[in-house]
Amino acid sequence: MSEPQGSESTRQLPVIEKTAENEKTAGNELGQSASAAEYTPLPTLDDGEDGNGRFWSARRIPAAVLALLVLAAAGLLLYDVVAVRADRPAMHWRRSLARELAERPLDDTWVLVGAGVATALGLWLFVLATTPGLRDILTMRRAHSDVRAGLHRNAAATVLRDRAMEVSGVQSVRVRMKRRKADVRAVSHFRELDDVRADLDATLADGVRGLGLVRRPALSVRVARPGRKG
């Protein structure tokens, strides 16, 4: 239902002259008006200061699963080594694995499959270790050096949707909040579409600014008439 990304103050867009044919196409065929705007950030601490980056996920579940697998494999191997030291035969799986590794050529299908799986798992773990995750949490600007805050994308989208519904002529609004862009789709049942769009630009600019997010947001607004019934 929603998804944007936040930033702050409003900037006047350049005026583009329309030909009569373009006006007819936009007004009669599409019945809608679109715009995009950028906003400057709120004043805050030094922009180069550490701590304004994204929040990092703890990755507890992948770390716990990997730790359990390593522990189980190490425990099983240690038990087999102790059994051999106690003059007992090695477990069947270890003898079979040693024989297969010694006899199978490197270009064997199962060897290549096993190598591919191991490589994929290693890359997955590497990506988890080097990426922050928590993509649904938008980092807010820091007004105090010892405080960090984040805003969920759904919450930010709800705020912008409520602000858009305050504009006269707006019947319904759908907001999609992405990490770098807020897509707003509004339906207007009266007033000129350009007037509604202009009011939405101003209102949403103020709403985006009020979110206090770190990244400068891109705001895309489209206004259309309600669809015909029947």
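## A briefing on the predicted model

Of the contacts in the protein with a separation of 6 or more, 73% are between residues 24 or more positions apart. Please keep in mind that this is a predicted model. The mean pLDDT of the protein is 78, and two stretches discussed at the end fall under 50. A nonpolar surface patch and the annotated transmembrane regions are the other main topics below.

**Overall make-up**

- The protein has six helices and six strands.
- Reading from the N terminus, the order of these elements is α-β-α-α-α-β-β-α-β-β-α-β.
- The protein has 230 residues, and 27% of them count as buried.
- Its accessible surface is about 15400 Å², and carbon and sulfur atoms make up 59% of that area.

**The nonpolar surface patch**

- Eight side chains are a good place to start looking: Leu 66, Val 70, Trp 110, Val 113, Val 117, Leu 121, Trp 124 and Leu 125 make a nonpolar surface patch of about 780 Å².
- Two helices, α2 (60–85) and α4 (109–130), each contribute at least two residues to this patch.
- Helix α4 is the main contributor, giving six residues.
- Val 113, one of the patch residues, sits in helix α4.
- With a relative accessible area of 41%, Val 113 is partly exposed; that value is over the 30% needed for a patch residue.

**Transmembrane annotation**

- An unreviewed UniProt entry annotates residues 61–79 and 110–134 as "transmembrane region".
- In the model, residues 61–79 are 100% helix and 0% strand, and the C-alpha atoms at the two ends of this span are 27 Å apart.
- Residues 110–134 are 84% helix and 0% strand, with 36 Å between the end C-alpha atoms.
- Patch residues and annotated spans can be viewed together: Leu 66 and Val 70 are among the residues of the patch, and the record's annotation covers 61–79.

**Confidence**

- Across the protein, 76% of residues reach a pLDDT of 70 or more.
- Over residues 1–31 the pLDDT stays under 50, although the model has 91 contacts beyond four places in sequence for this stretch.
- Residues 38–50 also have a pLDDT below 50, and the model gives this stretch 38 contacts beyond near neighbours in sequence.
- A friendly word of caution: predicted coordinates should not be read in detail where pLDDT is low.

Note on methods: Residues are numbered from 1 along each chain as its sequence is written. This is a predicted model: local features need pLDDT of at least 70, side-chain atom pairs count only at pLDDT 80 or more; totals for chains, interfaces and linings use all residues. Side-chain values use heavy atoms; hydrogens and water are left out. Patches are made of residues with over 30% relative accessible area and no salt bridge: like charges are joined within 9 Å, nonpolar side chains (Val, Leu, Ile, Met, Phe, Trp, Tyr) within 5 Å. Accessible areas come from the Shrake-Rupley method with a 1.4 Å probe; for residues, only the protein chains shown count as cover. A salt bridge is a side-chain nitrogen of Lys or Arg within 4 Å of a carboxyl oxygen of Asp or Glu. Helices (H or I, at least four residues) and strands (E, at least two) are DSSP runs, numbered from the N terminus. Buried means under 20% relative accessible area, exposed over 50%, partly exposed in between (1.4 Å probe, protein chains only). UniProt positions are given in the numbering used here, feature names are shortened, and annotations may be inferred rather than shown by experiment. Contact means heavy atoms within 4.5 Å. pLDDT is the predictor's confidence in each residue, from 0 to 100.
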